[in-house]
Amino acid sequence: MSAEREPIGVIGTGYVGLVTAVGFAELGSEVWCVDVDAAKIERLGRGEVPIYEPGLEELMGRNRDRLHFSTDLSPALENARLLFVAVGTPPTHSGDADLSAVHAVVESMPAPDGHALVMKSTVPCGTGASIKRIFSDCGKSGYSYVSCPEFLKEGSAVSDFLHPDRVVVGGEGDWAQDAVVGLYEPFGAPLVSTDVASAEMIKLAANAFLATKISFINEIANVCEEVGADVVEVARGMGLDDRIGPKFLQAGIGYGGSCFTKDVSALKLLAGNSGYHFQLLNAVIEVNELQKRRVVSKLQRHLGALAGRRVALLGLAFKPNTDDMRGASSLVLAARLQAEGAHVRAFDPIAAEQARGLMPQLDYADSALDAIAAANAVILVTEWPEFVELQWDEVARKMRGNLVIDGRNALDGEALRAAGLLYEGIGRR
Ligand SMILES: NC(=O)c1ccc[n+]([C@@H]2O[C@H](COP(=O)([O-])OP(=O)(O)OC[C@H]3O[C@@H](n4cnc5c(N)ncnc54)[C@H](O)[C@@H]3O)[C@@H](O)[C@H]2O)c1
């Protein structure tokens with residue numbers, strides 16, 4: 001790659017910021033990273049990757065010379081015109097997006113200037129316009145603003161970043177928008193070059209649509225259970241229609257993660273605050289919440305009251321290949337089981353440490369087999385490959401009961417039944 005690629009700054013070195021930094025370094029840019037978390041910056045400076053993301057450590061190692069880490073904004077301002085912003089935008093108590101970290105970044109920009117903020121964080125539609133107003137009101141009109149939403153998925157973030165299915169760049173038709181488009185050119189992905197508000201809306205609408213697809217198939221699964229159909233067959237038959245497509249048609253115990261939950265809520269409230277009642281999203285959210293809890297009724301149907309029963313949770317992360325516990329279905333499920341008086345013992349190969357911080361009251365096992373020992377029931381919560389490959393004869397021998405609930409429809413029901421286990425999936429015949 002050319003050494004003359006545009007240098008960039010990246011503010012916020014979490015899942016999105018770090019992958020963005022490492023990805024652009026791989027393409028040849030010098031990247032100046034900034035984070036308020038001094039411990040994180042120190043680890044990154046030593047070459048340690050503070051998150052679990054397949055392929056990231058190797059890529060970072062390969063590009064160490066081009067990656068610079070600091071808690072101070074000055075090196076980024078001195079060396080780069082484009083400052084990518086990838087700070088968190090978690091939900092507030094009201095469900096709106098908390099933009100305090102974004103505003104802290106805006107306030108920290110010196111005046112006057114010829115830099116551009118390139119917004120990677122997911123923000124409500126209208127944020128770019130409001131930031132431009134803030135800049136103008138405090139004599140910083142020299143700043144440009146570009147909305148460049150990120151679509152990577154945790155667990156395959158590096159590959160998603162390097163092979164995007166599209167790149168969205170919203171701007172005002174100035175040098176900054178052109179420069180961001182230029183940075184993404186080598187990816188060869190379809191480009192949506194648009195205005196700031198539309199770019200902001202694309203991100204929220206895309207996530208809300210994906211969440212809708214999941215809640216839809218979960219409702220179909222629940223109906224399948226009533227009428228004796230199999231949702232896996234139904235989803236296969238639906239997904240072969242290229243107007244529908246097979247992705248995001250896997251029924252389960254609800255979507256989780258940091259993005260869907262907060263972005264669906266942020267879009268619903270953005271609509272509400274703007275005077276429009278987005279009815280469909282209310283249902284999407286409610287279906288998802290109920291779906292996490294339905295597993296508890298499945299257990300009760302087989303075991304009766306759960307007080308004193310031992311339940312093993314296989315997996316805690318919101319999906320495989322990540323250590324991220326934000327919004328994970330396991331948080332609700334574990335809390336509900338404990339509220340019913342069950343003893344919950346859990347194992348996750350990567351996310352256990354993060355989970356301990358959020359659920360210190362849970363009993364943590366050292367392995368899947370350790371978790372299921374003497375369990376009355378096992379629930380597959382996260383479909384890590386090692387759970388799919390378990391020896392079910394051994395599982396059956398170690399359990400006290402025989403009920404296995406496959407919360408992700410990822411297990412081979414026939415193999416489990418052959419081992420003498422009582423297998424129940426989500427929406428399966
Ligand atoms: N995680 C995903 O899969 C994903 C995908 C697409 C978009 N997004 C969006 O990207 C944004 C970042 O998400 P994330 O998952 O990377 O968050 P994260 O919590 O992993 O990382 C955010 C980082 O920003 C840092 N930070 C906070 N305030 C700062 C400040 N003032 N200056 C410098 N650094 C600061 C934090 O210390 C942290 O390291 C969010 O808006 C999210 O919605 C996330």
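Here are four short exercises, with worked solutions, on a predicted model.

**Exercise 1. The largest nonpolar core**

Find which residues of the largest nonpolar core touch the most other members, and which helix gives this core its largest share.

*Solution.* Start with the core itself, which has 41 residues. The members touching the most others are Phe-24, Val-31, Leu-82, Phe-84 and Tyr-184. Next, look at where the core comes from: helix H1 (residues 15–26) gives the largest share, seven residues. Then step back, and you will find another core lying apart from this one, with 38 residues, including Ala-221, Val-231, Ala-251 and Met-359. As a background rule, nonpolar side chains in soluble globular proteins tend to be buried together.

**Exercise 2. Lys-120**

Decide whether Lys-120 is buried or exposed, and work out which side chain it joins in a polar contact.

*Solution.* First, locate the residue: Lys-120 sits in the loop between strand S5 (116–119) and helix H6 (127–137). Second, compare its relative accessibility with the cut-off for buried, under 20%. Lys-120 has 3% relative accessibility, so it counts as buried. Third, check its side chain, which makes a polar contact of 2.9 Å with the side chain of Tyr-184. Finally, list its neighbours beyond four places in sequence: among them are Val-16, Thr-20, Phe-84, Cys-148, Glu-150 and Tyr-184. The contact with Phe-84 leads back to the first exercise, as Phe-84 also touches Phe-24 and Tyr-184.

**Exercise 3. Ala-251**

Place Ala-251 in the chain and find which residues it contacts beyond four places in sequence.

*Solution.* Begin with the loop between helix H10 (231–239) and H11, where Ala-251 is found. Its relative accessible area is 5%, and therefore Ala-251 is buried. Now turn to its contacts: Ile-217, Asn-218, Ala-221, Val-231, Arg-408, Asn-409 and Ile-426. For a distance, take Ile-220, which is 31 residues away along the chain; its C-alpha atom is 8.3 Å from that of Ala-251.

**Exercise 4. Around the ligand**

Describe the residues surrounding the ligand and find how much of its area the protein buries.

*Solution.* Count first: 27 residues surround the ligand, and the closest are Asp-35, Lys-40, Thr-89, Glu-154 and Lys-262. Sorted by class, eleven are nonpolar, eight polar and eight charged. H1, helix H5 (100–107) and helix H11 (258–273) each supply at least two of them. Now go to single atoms. A polar side-chain atom of Lys-40 is 2.6 Å from a ligand oxygen, and one of Arg-326 is 2.8 Å from a ligand oxygen. Lastly, the ligand alone exposes 840 Å², of which the protein buries 87%.

Technical notes: Residues numbered from 1 in each chain as written. Predicted model: local features only at pLDDT ≥ 70, side-chain atom pairs only at ≥ 80, totals over all residues. Heavy atoms only, no water. Core = buried A, V, L, I, M, F, W, Y, C linked by side-chain atoms within 4.5 Å. Buried < 20%, exposed > 50% of the residue type's maximum accessible area, 1.4 Å probe, protein only. Helix = DSSP H or I, 4+ residues; strand = E, 2+ residues; numbered from the N terminus. Contact = heavy atoms within 4.5 Å. Near = heavy atom within 4 Å. Polar contact = N/O pair within 3.5 Å; in protein donor to acceptor, adjacent residues only side chain to side chain. Areas by Shrake-Rupley, 256 points an atom, 1.4 Å probe, with all protein chains shown as cover. Nonpolar A, V, L, I, M, F, W, Y, C, P; charged D, E, K, R; others polar.
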